Amino acid sequence: MYYMSIIPYLSASSLAPAPPRKVINSLIVYKGATSTTSPSRSLMPSQINSVSTAHRFSSNITSLVVYTDDFPDQPPIKFDYANFRRKTSVKTLKYNSTVEIVVQNTGIITTESHPMHLHGFNFYVLGYGFGNYVPARDAKKLNLVNPQMHNTVGVPPGGWVALRFIANNPGAWIFHCHMDAHLPYGIIMVFIVENGPTPETSLQPPPSNLPQCTHDPTIYESPTTNVGLSY
Ligand SMILES: [Cu+2]
């Protein structure tokens with residue numbers, strides 16, 4: 001049984017709100033411990049922001065990390081580290097096809113849930129799991145009877161989510177993590193759903209007067225020429 005005590009130490013007190021100026025105490029009791037002696041209370045510095053105490057503590061930390069001695073001699077997974085290239089490619093879907101997506105989260109570095117959002121559709125959430133999705137093991141556990149319908153789903157850290165939707169909405173649709181900061185990491189893609197067999201299931205052609213993309217510098221560099229454009 002141990003006492004643990006915490007007293008605030010704030011090295012940038014002018015930049016951050018000060019925490020409560022009090023000692024917080026707690027007891028740690030090891031499961032199965034048999035000792036009946038009372039723990040002695042921790043000795044704490046007499047004041048907040050004791051620089052000498054903080055320095056003694058941080059400079060005496062040793063062997064806090066539990067480690068194994070099997071660091072590999074070679075990278076366990078090899079890929080083309082130097083020539084990895086981003087690609088601008090999309091996934092094309094036939095109209096009315098049934099699409100199943102398994103979104104696999106990783107357990108690498110700062111793991112967190114990613115709220116994956118699909119434009120243009122609702123999807124069914126057939127199942128969640130932790131670890132890697134293994135089709136032979138996990139596919140038979142999917143709920144094909146009464147799954148929830150969403151258009152955004154959190155993919156658990158180090159886990160997966162299985163989704164299905166029917167591609168019955170022609171167009172270009174983004175599927176992405178809804179934390180914008182994750183888009184540059186690449187957690188974003190696009191589905192292009194092809195037209196169906198009828199005018200009702202197809203995108204209408206753009207209107208004949210739809211402005212075309214242009215690099216004409218006179219349009220953008222002179223505010224006066226931005227007025228009165230005719231198409
Ligand atoms: Cu994310």
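Here a colleague puts questions to the modeller about a predicted model.

Colleague: How many helices and strands does the protein have?
Modeller: The model is predicted. From the N terminus the elements run β-β-α-β-β-β-β-α-β-β-β-β-β-α. That makes 3 helices and 11 strands.

Colleague: What percentage of the protein's residues count as buried?
Modeller: A residue needs 20 or more other C-beta atoms within 10 Å of its own to be buried. The protein has 231 residues. The share that counts as buried is 8%.

Colleague: Among contacts between residues at least 6 apart in sequence, what percentage join residues at least 24 apart?
Modeller: Contact here requires C-beta atoms within 7 Å. Of the contacts in question, those joining residues at least 24 apart make up 73%.

Colleague: Which strand supplies the largest share of the largest nonpolar core?
Modeller: This core has 15 residues, and M116, V153, V161 and L163 touch the most other members. At least two residues each come from β5 (114-118), β6 (123-130), β8 (152-155), β9 (159-166), β10 (171-177) and β11 (188-193). The largest share is 4 residues, and its source is β9.

Colleague: Which residues does M116 touch, leaving aside those up to four places away in sequence?
Modeller: M116 is among the core residues that touch the most other members. Beyond four places in sequence, its contacts are V103, T152, V153, V155, F175 and C177.

Colleague: Which strands stand at the edges of the open sheet of 4 strands?
Modeller: The order is β4-β9-β6-β7, with antiparallel pairing. The twist averages 35° from one strand to the next. Two strands have a single partner each, so one side of each lacks a neighbour in the sheet: β4 (98-104) and β7 (148-150).

Colleague: Which residue in β9 stands opposite Y128?
Modeller: β6 and β9 run antiparallel and are joined by 6 bridges. Y128 faces a β9 residue that is also one of the core members touching the most others. The residue opposite Y128 is V161.

Colleague: Why is one side of β3 and of β8 left without a neighbour in the sheet?
Modeller: The open sheet of 5 strands has the order β3-β11-β10-β5-β8 and mixed pairing. Its twist averages 25° from one strand to the next. β3 (91-93) and β8 stand at the edges, so each has a single partner strand.

Colleague: What is the bridge partner of H114 in β8?
Modeller: β5 runs antiparallel to β8, and 4 bridges join them. The partner is also one of the residues M116 touches. For H114 the bridge partner is V155.

Note on methods: Residues are numbered from 1 along each chain as its sequence is written. This is a predicted model: local features need pLDDT of at least 70, side-chain atom pairs count only at pLDDT 80 or more; totals for chains, interfaces and linings use all residues. A residue is buried if 20 or more other C-beta atoms lie within 10 Å of its own, exposed if 12 or fewer, and partly exposed in between; C-beta atoms are placed from the backbone. Two residues are in contact if their C-beta atoms, placed from the backbone, lie within 7 Å. A nonpolar core is a set of buried Ala, Val, Leu, Ile, Met, Phe, Trp, Tyr and Cys residues joined through C-beta atoms within 7 Å. Two strands pair if DSSP finds at least two bridges between them. Axes are lines fitted to C-alpha atoms, for helices over the stretch in contact, and angles run from 0 to 180 degrees between N-to-C directions.
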